[in-house]
Amino acid sequence: MQAWAHGDVTPQAVDTTSLPQLGEAWRPENPFRGNEAAIKIGTSAYNQNCARCHGLEAISGGIAPDLRRLDNDCSTLKDDAKKAACVKDNDDYFLNTIRHGRSRNGAVYMPPFEGVFTQEAMWAIKSYLETRREKPL
């Protein structure tokens, strides 16, 4: 299956067999947060599939959003409950975007990856991105 985002790009397979399998139901929060194996898989998956648009090491060159900034709004929150809710909202936003893609006025800015990547692969990529945060939580 090919994904069309900023050119003709074929997504690369992501081997997640070493990670716990998450089942059919989509998780509302990153179950692999801080999991070293997931971070390693997510690093490779990101570099092979996301970096061409979102930049090496998640540092955007301007084509697509800088993914180091996904959780920036959460980093300044002092209340732990509000911070946790913010992180959960960002997990939801991330998963919705990667699953369904983004388009505007009929133009596809990011293709949907549901059916291309497993839930495990998506959360592994998010786990990697959490190590790249611009403002640590």
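How many disulfides does a search of the whole structure find? The search finds one disulfide, and the points below begin with it before turning to the helices, rings and charged side chains around it; the model discussed here is a predicted one.

1. The disulfide. The bond joins C74 to C86, with the two sulfur atoms 2.0 Å apart. The cysteines belong to separate elements, C74 to helix α3 and C86 to helix α4, and the pair, whose members are 12 residues apart, links distant parts of the chain. Because the torsion about the S-S bond is about -85°, the disulfide of C74 and C86 is left-handed. With a relative accessibility of 0%, C74 counts as buried, and C86, with 14%, counts as buried too.

2. The cysteines without a partner. C50 takes part in no disulfide, and the cysteine sulfur nearest to it, that of C53, is 8.7 Å away. C53 is likewise in no disulfide, its nearest cysteine sulfur being that of C50 at 8.7 Å. Since a disulfide requires sulfur atoms within 2.5 Å, the search leaves this pair out. As for their surroundings, C50 is buried, having a relative accessible area of 12%, and C53 is buried as well, with a value of 13%.

3. The geometry of helix α4. This helix comprises 21 residues, 80–100, and at 1.5 Å a residue it should span 30 Å; the C-alpha atoms at its ends are in fact 30 Å apart, which agrees with that expectation. At the N-terminal end D79 acts as a cap, with a side-chain oxygen 3.0 Å from the backbone nitrogen of A81. Just after the helix, G101 adopts a positive phi of about 75°.

4. The buried side of α4. Which residues of α4 are buried? They are K83, C86, V87, N90, D91, F94, L95, T97, I98 and R99, a list in which charged residues stand beside hydrophobic ones. Their cover includes α3 (72–75), the strands β3 (102–104) and β4 (107–110), and helix α5 (119–130). For reading the spacing of such a list, it helps that an α-helix has 3.6 residues a turn, so residues three or four places apart point the same way.

5. Aromatic pairs. The count of aromatic pairs comes to three. In one of them, the rings of Y46 and Y128 have centres 5.3 Å apart and planes at 45°, so the pair is tilted. Y46 lies in helix α1 (residues 36–49) and Y128 in helix α5, so far as sequence goes 82 residues apart, and the pair thus links distant parts of the chain. Y46 is buried, with a relative accessible area of 0%, and Y128 is buried with 5%. Another pair is formed by F94 and W123, whose ring centres are 6.4 Å apart and whose planes meet at 35°, so this pair is tilted as well. Because F94 lies in helix α4 and W123 in helix α5, the pair ties together parts that are 29 residues apart in sequence. Both F94 and W123 are buried. The 6.4 Å between these centres deserves a careful reading, because the cut-off for a pair is 6.5 Å.

6. Charges over rings. The charged end of R99 sits over the ring of W26, at 4.0 Å from the ring centre, and R99 is also one of the buried residues of α4. The charged end of R104 is placed over the ring of Y109, 4.4 Å from its centre.

7. T16 in its loop. T16 belongs to the loop between β2 (8–9) and α1, and T16 is buried, with a relative accessible area of 7%. Leaving aside residues up to four places away in sequence, T16 touches Q21, I41, T118, E120 and A121. T16 and R132, by comparison, are 116 residues apart in sequence and 21 Å apart in space, taken from C-alpha to C-alpha.

8. R133 after the last helix discussed. R133 is found in the segment after α5, and at 17% relative accessibility R133 counts as buried, a value to be read against the cut-off of under 20%. The side chains of R133 and D71 are joined by a polar contact of 2.7 Å. With residues up to four places away in sequence not counted, R133 touches R33, R68, D71 and K126.

Methods
Residues numbered from 1 in each chain as written. Predicted model: local features only at pLDDT ≥ 70, side-chain atom pairs only at ≥ 80, totals over all residues. Heavy atoms only, no water. Helix = DSSP H or I, 4+ residues; strand = E, 2+ residues; numbered from the N terminus. Expected span 1.5 Å × (residues − 1). Buried < 20%, exposed > 50% of the residue type's maximum accessible area, 1.4 Å probe, protein only. Contact = heavy atoms within 4.5 Å. Polar contact = N/O pair within 3.5 Å; in protein donor to acceptor, adjacent residues only side chain to side chain. Phe/Tyr/Trp six-rings, centres within 6.5 Å; stacked < 30°, edge-to-face > 60°. Lys NZ or Arg CZ within 6 Å of the ring centre and 35° of its normal.
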